[in-house]
Amino acid sequence: MDLNPPPGENYANPRICFFHVLFKAGALAFYILSALFSDSFVIIFVVTVLLAALDFWVVKNVSGRILVGLRWWNEIDDNGESVWKFECLDQESLARMNKKDSWLFWWTLYLTAVVWIFFGIFSLIRFQADYLLVVGVCLTLSIANIVGFTKCRKDAKKQIQQFASQTIASRFSSTLQSAFSVV
Amino acid sequence: MSYTERDTVPLNQSSQSDIDEIENLINYTVQSTVLPARPPSPPSIPVSSSPFIPSNLPPPPQKPASVPSVPQQPSNRTANGQQQSNLTGFGSPPNTLTEPVWDTVKRDLSRIVSNLKLVVFPNPFREDPGKALRDWDLWGPFFFIVFLGLTLSWSASVKNSEVFAVAFALLATGAVILTLNVLLLGGHIIFFQSLSLLGYCLFPLDIGALICMLKDNVILKIVVVCVTLAWSSWAAYPFISMAVNPRRKALALYPVLLMYVSVGFLIIAID
């Protein structure tokens with residue numbers, strides 16, 4: 001993964017990229033600047049966690065689908081078992097995805113989790129258990145999204161490989177069959 | 001160039017016939033009849049459409065027992081391709097950002113309301129708890145826990161932040177530990193389903209806390225808390241008791257009641 005956005009094209013969905021980053025940055029900024037804004041821990045907690053939850057929802061439902069074409073969710077089937085479902089676009093649409101969009105998506109996803117881990121370490125060092133609670137909740141939400149989308153992307157790659165090898169194998173066998181039938 | 005209607009491809013498929021179906025869909029892109037209008041942007045994803053597009057394709061009606069190879073049975077495949085492309089109807093593509101967001105928000109809100117009605121109010125589905133909360137979500141419990149914490153914190157004249165943090169941490173870790181308790185007793189319940197359930201059953205206590213915040217009479221508080229406590233326990237009872245062995249029902253239920261009683265005391269004691 002490179003540090004710079006891929007050159008040569010613009011963002012395909014600038015508004016969605018903006019919202020994708022907005023709530024993440026808002027939660028982090030509010031947490032950092034909270035000392036200036038308000039003395040009350042309750043306000044800090046509620047606003048930060050609310051922004052983090054909104055960000056979770058936006059990434060899972062909106063930007064994941066539009067920026068990288070991936071989606072994940074959990075269902076309970078008829079046997080009462082919990083099933084994690086992953087879904088992706090077909091290969092042609094995936095190849096047509098805007099590179100800059102997906103670069104932004106993945107980079108901000110991982111970066112926010114790393115920043116929250118730093119804040120968690122700070123609050124551990126300073127023995128502030130209530131701020132640790134805030135960081136813990138936000139970190140849980142970020143990690144849930146990261147795990148979901150990474151699993152989804154791995155599954156997509158595996159599926160594409162499987163499919164490609166399957167088509168190659170079937171085409172190969174069909175050409176063999178036609179060759180033998182001619183002979 | 002016409003875009004395929006089924007842009008989303010299911011994953012995690014193990015059966016041969018399903019992979020054939022995917023190939024089928026990609027091969028028969030141009031033949032699919034039902035095509036909504038699409039914007040020129042490449043990822044034409046139905047964001048506003050039905051939430052759970054089934055990720056497993058519906059099984060083909062009659063596939064012969066042997067695994068079919070590609071050149072054979074073209075007519076069968078065409079029929080399958082057509083049938084499947086007609087089965088899934090997509091909504092209109094997202095033209096503005098608000099359009100898909102609103103639909104998703106409305107869908108999530110209606111799910112919260114329906115879950116709340118299923119759990120807290122009397123309804124015929126309470127006999128089969130597994131089915132009732134199949135569509136679990138954690139947004140409702142999140143709002144209820146935060147609301148309870150806020151109400152308690154507003155009622156408190158001193159140490160507001162500590163009250164809020166304690167209430168939130170108590171409820172969140174309490175829900176997790178109670179779920180683990182049910183699972184360790186050999187109960188059959190999904191982790192998130194149980195978290196969601198315990199969160200929704202806080203709704204009566206939320207109402208009680210709100211009333212106690214508005215009226216500061218001790219007798220009234222005790223009465224209101226008792227009533228809402230009984231309501232919460234009644235709401236949680238069938239789900240927990242159905243999930244475990246009948247001999248262990250009390251072991252699973254007692255901690256739940258204990259947690260709700262302690263929240264009730266917290267509500268009464270705040271002044």
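A salt bridge is here a side-chain nitrogen of Lys or Arg within 4 Å of a carboxyl oxygen of Asp or Glu, and the side chains of B:D108 and B:R111 meet in such a bridge, at 3.2 Å from N to O. The model is a predicted one, in which local features need pLDDT of at least 70 and side-chain atom pairs count only at pLDDT 80 or more, while totals for chains, interfaces and linings use all residues. Residues are numbered from 1 along each chain as its sequence is written, chains are lettered from A and ligands numbered from 1 in the order in which they are written, and side-chain values use heavy atoms, with hydrogens and water left out.

We can begin with the two chains. Chain A has six helices and two strands, where helices (H or I, at least four residues) and strands (E, at least two) are DSSP runs numbered from the N terminus. From the N terminus on, the order of these elements in chain A is α-α-α-β-β-α-α-α. In chain B the secondary structure comes to 10 helices and one strand, and the pattern read along the sequence is β-α-α-α-α-α-α-α-α-α-α.

Of the 183 residues of chain A, 47% count as buried, and of the 271 residues of chain B, 48% do; buried means under 20% relative accessible area, exposed means over 50%, and partly exposed lies in between, with a 1.4 Å probe and protein chains only. The accessible surface of chain A comes to about 9700 Å², of which 69% belongs to carbon and sulfur atoms. Chain B exposes about 13100 Å², and carbon and sulfur atoms supply 68% of that area. These areas come from the Shrake-Rupley method with a 1.4 Å probe, and for residues only the protein chains shown count as cover.

Contacts, meaning heavy atoms within 4.5 Å, show how each chain folds back on itself in sequence terms. Among contacts in chain A between residues at least 6 apart in sequence, 72% join residues at least 24 apart; in chain B, residues 24 or more positions apart account for 75% of the contacts with a separation of 6 or more. An example is A:A53, found in helix α3 (residues 41-68) of chain A, whose C-alpha atom is separated by 7.1 Å from that of A:L141, although the two are 88 residues apart along the chain. Not counting residues up to four places away in sequence, A:A53 touches A:L141, B:W139 and B:F142, and at 4% relative accessibility A:A53 counts as buried.

Charged side chains offer another route through the model, which holds four salt bridges over all chains. B:D108 and B:R111, already introduced, are three residues apart in helix α3 (residues 98-120) of chain B, so they are separated by about one helical turn. An α-helix has 3.6 residues a turn, so residues three or four places apart point the same way. B:D108 is buried at 9% relative accessibility, and B:R111 is buried as well, with a relative accessible area of 17%.

In chain A, A:D155 forms a salt bridge with A:K158, the closest N and O atoms being 3.9 Å apart. These residues both lie in helix α6 (residues 129-182), three residues apart, about one turn of the helix. A:D155 is buried, with a relative accessible area of 12%, whereas A:K158 counts as partly exposed at 46%. Back in chain B, the side chains of B:D216 and B:K221 meet in a salt bridge at 3.4 Å, N to O; B:D216 is exposed at 58%, but B:K221 is buried at 5%.

Helix α8 (residues 203-214) of chain B allows a check of geometry: its 12 residues, at 1.5 Å a residue, should span 16 Å, and its end C-alpha atoms are 17 Å apart, which agrees. The expected span is 1.5 Å times one less than the number of residues. Among the buried residues of this helix are B:F203, B:P204, B:L205 and B:C212.

On the surface, A:V114, A:I117, A:F118, A:I121, A:F122 and A:I125 make a nonpolar patch of about 580 Å². Patches are made of residues with over 30% relative accessible area and no salt bridge, like charges being joined within 9 Å and nonpolar side chains (Val, Leu, Ile, Met, Phe, Trp, Tyr) within 5 Å. A:F122 lies in helix α5 (residues 99-125) of chain A and is partly exposed, with a relative accessible area of 46%.
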